[in-house]
Amino acid sequence: MSDAPRKLFFRNTSNQPQQPPVVRQVNEQPNQETNVQPINQTKDLNQIGLDVVQPGEVSLQQVNVVCFNGVQQFSGLLVATNYQVVFSPQRFPKDFRKDYFQIPYTFMIKVDRSVDKKQNDSIILEISSKDGRQLRYRFYREQSDDCACLFNLINKNAYTLQKTTLFAFTFYKEMQNLENEFQGWKIYNIEKDFERMGVLIQQESQQQQMNVLYKYVNNEGGQICATYYNRLIVPARVDMDCIQKTAKFRSKERIPILSYAFQVNGKIVSLWRSAQCRIGIGQIRSLEDELYLKQMSQQMVDEPENQQEEIQLKIFDARSDVNSIGQQTSGKGFENPMYYKNCSIEFLEIQNIHKMRESQTKLLKNSFSETISFISQLEISQWYEHIVSLIQGAVRISLSLTKEKLNVLVHCNDGWDKTPQLVSLVQIMIDGYYRTFDGFMMLIQKEWINNGHQFCQRSAIGNRQHSDDCRSPIFFQFLDCVYQMLQLYPLSFEFNVKLLLDLAYHHMSSLFGSFLCDSFLEIQKQKVMESTVSIWSWVMKYKEKYRNAYYLNPGSIEQEVIIPEQFTGKSVKFWQEYFLNYSSEFNDVYGIHPSSQFTRQSISIWSRDNLQEMYKALAKENQVLRLAQMDQEKLAHLNQQKFNQLFQIIQETQNEKIIEKLESIQLT
């Protein structure tokens, strides 16, 4: 099996006789549910000239059509499978990547059908993809029935609200051994995660302990919050009544929960996440919520009562202050420092999900445009202004934790978009573990999948409303931020850009079950873990493909914390491997761009261990040279001192000839 799950490989069919256009008559009594008429029996894709890497994928319909893209036209075979729509040209154009013509159903944002009066009433089928591709297929007038059946088939598969009909469930039947071997669904263990941090957490079954700051609470079945994980970490000294009342005061019941903590000088500095509070225009108070945040601010078990106005907890609201104030009209808002003692609040001025969607749409359109105004259009899209805002926001939070040693709470509106972006970036910046394979996978599983990022809604999986306001590239935007960090600190990440590219692709592909749902509770109810393959099982199997050969373990470099304090627009690198992936201007003929896979030989030559040995040898050599230089400087200084003493003695003898000769001597 190939190590590239997203690619289909085409056989050379130029010597095979061309199949004539298939013309079928459609039964006048269509299926009442889907209006789809089967015109071809299911076929193995190998029988029609396609080698496919996705086990379980079969052809549902195929027809000869003309694909046209701008001024270019290609005749070929259009195949609809149970996973995607693929076009196989008779002669493959050299300027196109082969996977350009492959669009999984859940990538489709819009499918249109129209009649071209100028071309003898031929029918145009147009498919728009969420990554910016637009493919148009021409059917001759006598193929109208085929076009109608194909159109209905695509709509049936692309716009299904039933999770179990997605290809991930079929893929699992063929790839169950992969999941059984690597068990990607079990990669995250909340207890092991916080044990690694060195933080003691009280178990649910234990009585109140005096030597702990935090405790686990049971959230099975969403009894506290329906969109959080089934186990939460909260302050140890708040009881269940306080937790439940705090939940009622927070949007979507998303109470503050512990994401990360570290010890320094006998204190525990902590990072929390939540949704906004329901304070409203009337400045409604919740004593339980205020008590909850007071307990969150504690850094020591026996910490004395703070009688001064000293800040102990800093709240970062990801929104602008104007937006946060506007939320009060709908009964929500932000914490008032008058009521939340020893707390301060800062606004990060990050735009909402609608601005992000509009920005990405402009950038993708520009990436596929053939105009020469690419640079100016890139600026107009404002995509990288948003990237800069996110990274700068994460920097401010990281500095509050590491330099000011303050506890931090992060929230946005509902705490499932900008909040996971920020807390994930912060953990990547301040903890090298989350820059390893295992740490990065656990981080995404913890902050995104388990704690309720709405992957299904944000990726519009199964949603035919292409203009739906819920759609937004939040997770992809996080990946672009990680890409920026990887460019700034190329030796600090165990993985390479290829992992980010495949995550960007597969969080919308429906090949894996990890990104199909909006919450962990939905994952449980849909039995997704029992019926699909986790993306992490795939990553672990093909880890070498994603390995950064230049990675230096944090133990081998001076600084584990990587906080880009001076990050500005000048620091941004355009992610051309993603945005120009299908552009002819970025056709990687030689396969040498950063996402290219290392060969076995190059990995053996430039392996991590070899690089670390080279680094150690160079460091040792530099140290020896430096010591030798210091010895030479000391010797020269000593000789100069002795010379000065001798010169002084001779001056006292007042022998002018000897003095004249000594003055001409230059010590080196």
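Two strands pair if DSSP finds at least two bridges between them. Strands here are DSSP runs of E with at least two residues, helices are runs of H or I with at least four, and both are numbered from the N terminus.

Before you start: this is a predicted model, where local features need pLDDT of at least 70, side-chain atom pairs count only at pLDDT 80 or more, and totals for chains, interfaces and linings use all residues. Residues are numbered from 1 along each chain as its sequence is written, and side-chain values use heavy atoms, leaving out hydrogens and water.

**Exercise 1. Work out the five-stranded sheet, starting from glutamine 263.**

Step 1. Look across from glutamine 263: its bridge partner is isoleucine 268, in strand 14. Strand 13 and strand 14 (residues 267-274) are antiparallel and share seven bridges.

Step 2. Now lay out the whole sheet. It's open, has the strand order 13-14-17-15-16, and its pairing is mixed.

Step 3. Check the edges. Strand 13 (257-264) and strand 16 each have a single partner strand, so one side of each has no neighbour in the sheet.

Step 4. Add the twist, which averages 20° from one strand to the next. Angles here run from 0 to 180 degrees between N-to-C directions, with axes fitted to C-alpha atoms (for helices, over the stretch in contact).

Step 5. Place a helix on top. Helix 10 (residues 418-430) lies across strands 13, 14 and 17, at about 155° to strand 14.

**Exercise 2. Find out what surrounds strand 15.**

Step 1. Look sideways within the sheet. Strand 15 (residues 313-317) pairs in parallel with strand 16 (residues 343-347) over five bridges, and in parallel with strand 17 (residues 407-411), also over five bridges.

Step 2. Zoom in on isoleucine 315. Opposite it stand isoleucine 345 in strand 16 and leucine 409 in strand 17.

Step 3. Follow the chain from strand 15 to strand 16. It passes through helix 6 (residues 321-326), making a right-handed β-α-β crossover. Right-handed means that, with the strands pointing away from the viewer, the path from the first strand over the helix to the second runs clockwise.

Step 4. Check the two faces. Leu313, Ile315 and Asp317 are buried on one side, and Lys314 and Phe316 are buried on the other. Buried means under 20% relative accessible area, exposed means over 50%, and partly exposed is in between (1.4 Å probe, protein chains only).

**Exercise 3. Describe the setting of asparagine 407.**

Step 1. Locate the residue: asparagine 407 lies in strand 17.

Step 2. Is asparagine 407 buried or exposed? Its relative accessible area is 0%, so it's buried.

Step 3. Look for a polar partner. The asparagine 407 side chain reaches the backbone oxygen of methionine 296 at 2.9 Å.

Step 4. List some neighbours. Leaving aside residues up to four places away in sequence, asparagine 407 touches Ile268, Met296, Gln312 and Leu313, among others. Contact means heavy atoms within 4.5 Å.

**Exercise 4. Compare two residues with positive phi.**

Step 1. Take lysine 252, in the loop between helix 4 (240-249) and strand 13. Its phi is near 60°, a positive value in a residue other than glycine.

Step 2. Take alanine 460, in the loop between helix 12 (455-458) and helix 13 (474-488). Its phi is about 55°, again positive although it's not a glycine.

Step 3. Check the accessibility of each. Lysine 252 is partly exposed at 38%, whereas alanine 460 counts as buried at 6%.

**Exercise 5. Map the other sheet and the nonpolar cores.**

Step 1. Lay out the seven strands: they form an open antiparallel sheet in the order 6-5-4-3-9-8-7. Strand 6 (102-104) and strand 7 (108-116) are the edges.

Step 2. Join two of the strands. Strand 4 (residues 72-81) and strand 5 (residues 84-89) run antiparallel, with five bridges.

Step 3. Turn to the cores. A nonpolar core is a set of buried Ala, Val, Leu, Ile, Met, Phe, Trp, Tyr and Cys residues joined through side-chain atoms within 4.5 Å. The largest has 140 residues, and Ile255, Ile397, Phe440, Phe478 and Trp575 touch the most other members. Helix 9 (residues 383-402) gives the most to this core, with eleven residues.

Step 4. Find the other core. Lying apart, it has 32 residues, including Val85, Phe96, Cys147 and Phe151.

Key: A polar contact is a pair of N or O atoms within 3.5 Å; within protein, one must be able to donate a hydrogen and the other to accept it, and residues adjacent in sequence count only if both atoms are side-chain atoms.
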